[in-house]
Amino acid sequence: MSQTLTPDRLLSERGVTRTLDAFVVAVTYDRAGNCAFALGDGSLHIVGPEWLPVAAHNGAALSLAADCRATGWVTGGDDGRFLRFSPDGTVTEIAGFGMKWVEHVAAHPDGKGVLACAVGKSVHVFDGAGTKLKTVQHPSSVTGLVFDAKGKRFAASHYGGASVWFVASKTDNPRKLDWKGSHTGIAMAPDGDSVVTAMQENSLHGWRLSDGQHMRMTGYPAKTLALSFTKNGKWLASSGADSIVMWPFHGGGPMGKPPTELAGGDGVTCTRVAAHPSHDAIAAGFADGLVVMADINSARILPVAAPGRGPISALAWSPDGTHLAFGTETGFAAVVDFSKRGS
């Protein structure tokens with residue numbers, strides 16, 4: 001690590017911080033670059049000159065995603081509500097599911113936009129205006145939900161594997177991706193050909209859709225809580241070890257290829273990863289509160305925030321890659337400006 005840049009220098013010189021007094025469940029940017037944090041007390045905090053707290057869920061917020069619209073977000077909560085927020089704090093309920101938790105939400109701007117939320121075994125799909133299009137069922141509770149890069153398909157992880165659905169399909173027969181065990185999260189490669197799930201057994205499992213090839217990625221000392229493909233799809237970054245574990249999805253990988261490990265060696269578990277939207281770089285947060293950015297090609301590590309503020313529980317880049325937001329289990333939240341400045 002750099003001897004000339006102290007771990008907190010970027011945060012102190014280029015960061016804006018708040019103490020939000022609740023577990024930071026998620027942070028994300030909308031498509032226009034506005035940032036919001038979702039908290040365990042049910043509130044949403046929208047970043048601005050004055051951070052705007054918004055009463056959202058009667059209970060905990062469980063999930064957060066950028067809206068399919070140009071601005072705003074969608075959230076799910078343990079109060080059974082699927083909500084839409086605008087940057088001015090206006091809240092609209094898209095759907096309510098009674099006592100059932102809305103554990104995962106996703107959105108894509110394709111066409112007029114599409115929204116989805118996971119409630120138990122069901123995924124409910126809506127158009128951009130919030131009108132329900134369909135509900136599809138899975139063999140067990142959905143543990144992860146993601147749209148492909150074009151918004152034509154969505155994939156859900158669950159016990160026994162994953163299911164891939166076409167948004168516009170009239171028949172609603174999924175492509176079933178089977179692998180025994182408990183699958184706890186999901187990611188799709190930018191080209192839409194690879195689906196990867198995190199597993200309860202401290203491993204990853206993948207499927208290549210073009211030829212049905214299975215991909216098994218093992219060796220994690222802890223559960224993987226975060227998966228993030230680089231923009232070009234060459235690498236899959238993952239948490240769950242004392243480093244950023246990077247699996248190569250090029251040159252025939254990841255089968256038979258060892259992962260690259262970045263920013264490790266101190267025995268502290270990496271808890272969150274987020275690939276930069278345009279460069280071969282990964283932001284990572286650790287269980288001691290350390291946040292770093294790693295350059296994949298040079299393996300250089302840039303410290304962003306020092307340890308000591310609680311385990312990193314949320315991490316996200318702005319769409320243009322100029323700002324990095326992160327939050328911790330103790331309620332610390334920050335946004336760091338990486339944009340170039342004049343000399």
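Two strands are said to pair if DSSP finds at least two bridges between them, and helices (H or I, at least four residues) and strands (E, at least two) are DSSP runs, numbered from the N terminus. The model on screen is predicted, so local features need pLDDT of at least 70 and side-chain atom pairs count only at pLDDT 80 or more, while totals for chains, interfaces and linings use all residues. Residues are numbered from 1 along each chain as its sequence is written, and side-chain values use heavy atoms, with hydrogens and water left out.

**Stop one: strand β23 and its partners**

Select residues 235–238, which make up strand β23, and then add residues 244–248, strand β24, which runs antiparallel to β23 and is joined to it by four bridges. Within this pairing, tryptophan 235 has proline 248 of β24 as its bridge partner. Five residues lie between the strands of this hairpin, and glycine 240 takes a positive phi near 110 degrees there.

Now add residues 227–229, strand β22, which is also antiparallel to β23 and is joined to it by three bridges. Phenylalanine 229 stands opposite leucine 236 of β23, and the hairpin formed by β22 and β23 again has five residues between its strands, with glycine 233 in the turn showing a positive phi of about 75 degrees.

In a regular strand the side chains alternate between the two faces of the sheet. Show the side chains of β23, where Trp235 and Ala237 point one way and Leu236 and Ser238 the other way, and all are buried (under 20% relative accessible area, whereas exposed means over 50% and partly exposed lies in between, with a 1.4 Å probe and protein chains only).

**Stop two: the nonpolar cores**

A nonpolar core is a set of buried Ala, Val, Leu, Ile, Met, Phe, Trp, Tyr and Cys residues joined through side-chain atoms within 4.5 Å. Select Val291, Val304, Leu324, Phe326 and Phe338, which have the most contacts inside the largest core, a set of 18 residues. Among the elements that each supply at least two residues of this core are α1 (9–14), β28 (291–295) and β31 (323–328). Apart from this core lies another, of 16 residues, and Trp235, Ile244, Phe286 and Ala294 are among them.

Centre the view on leucine 324, whose contacts (heavy atoms within 4.5 Å) include Tyr29, Val291, Val304, Trp317 and Phe338, when residues up to four places away in sequence are not counted. Move next to alanine 305 in strand β29, which is buried with a relative accessible area of 0% and which touches, among others, Pro7, Leu11, Val291 and Phe326.

**Stop three: aromatic rings**

Seven aromatic pairs are found in a search of the whole structure; rings of Phe, Tyr and Trp (its six-membered ring) pair if their centres lie within 6.5 Å, and planes under 30 degrees apart count as stacked, over 60 as edge-to-face and the rest as tilted. Select phenylalanine 154 and tryptophan 165, whose ring centres are 6.4 Å apart with planes at 15 degrees, so the pair is stacked. Phenylalanine 154 belongs to strand β15 (residues 153–158) and tryptophan 165 to strand β16 (residues 161–166), so the pair ties together parts that are 11 residues apart in sequence. Both of these residues, phenylalanine 154 and tryptophan 165, are buried, and together with Phe147 they form one aromatic cluster.

Phenylalanine 326 and phenylalanine 332 make a tilted pair, with 6.1 Å from centre to centre and 40 degrees between the planes. Phenylalanine 326 is buried at a relative accessible area of 1%, and phenylalanine 332 is buried at 12%. Over the ring of phenylalanine 332 sits the charged end of arginine 309, 4.9 Å from the ring centre (the rule asks for NZ of Lys or CZ of Arg within 6 Å of the ring centre and within 35 degrees of the ring normal).

**Stop four: unusual backbone**

Select glycine 253 and proline 254, which are joined by a cis peptide bond with omega of about 5 degrees; proline 254 is located in the loop between β24 and β25 (260–262). Finish at aspartate 21, in the loop between β1 (15–19) and β2 (24–29), where phi is near 65 degrees, a positive value in a residue other than glycine. Aspartate 21 is exposed, with a relative accessible area of 66%.
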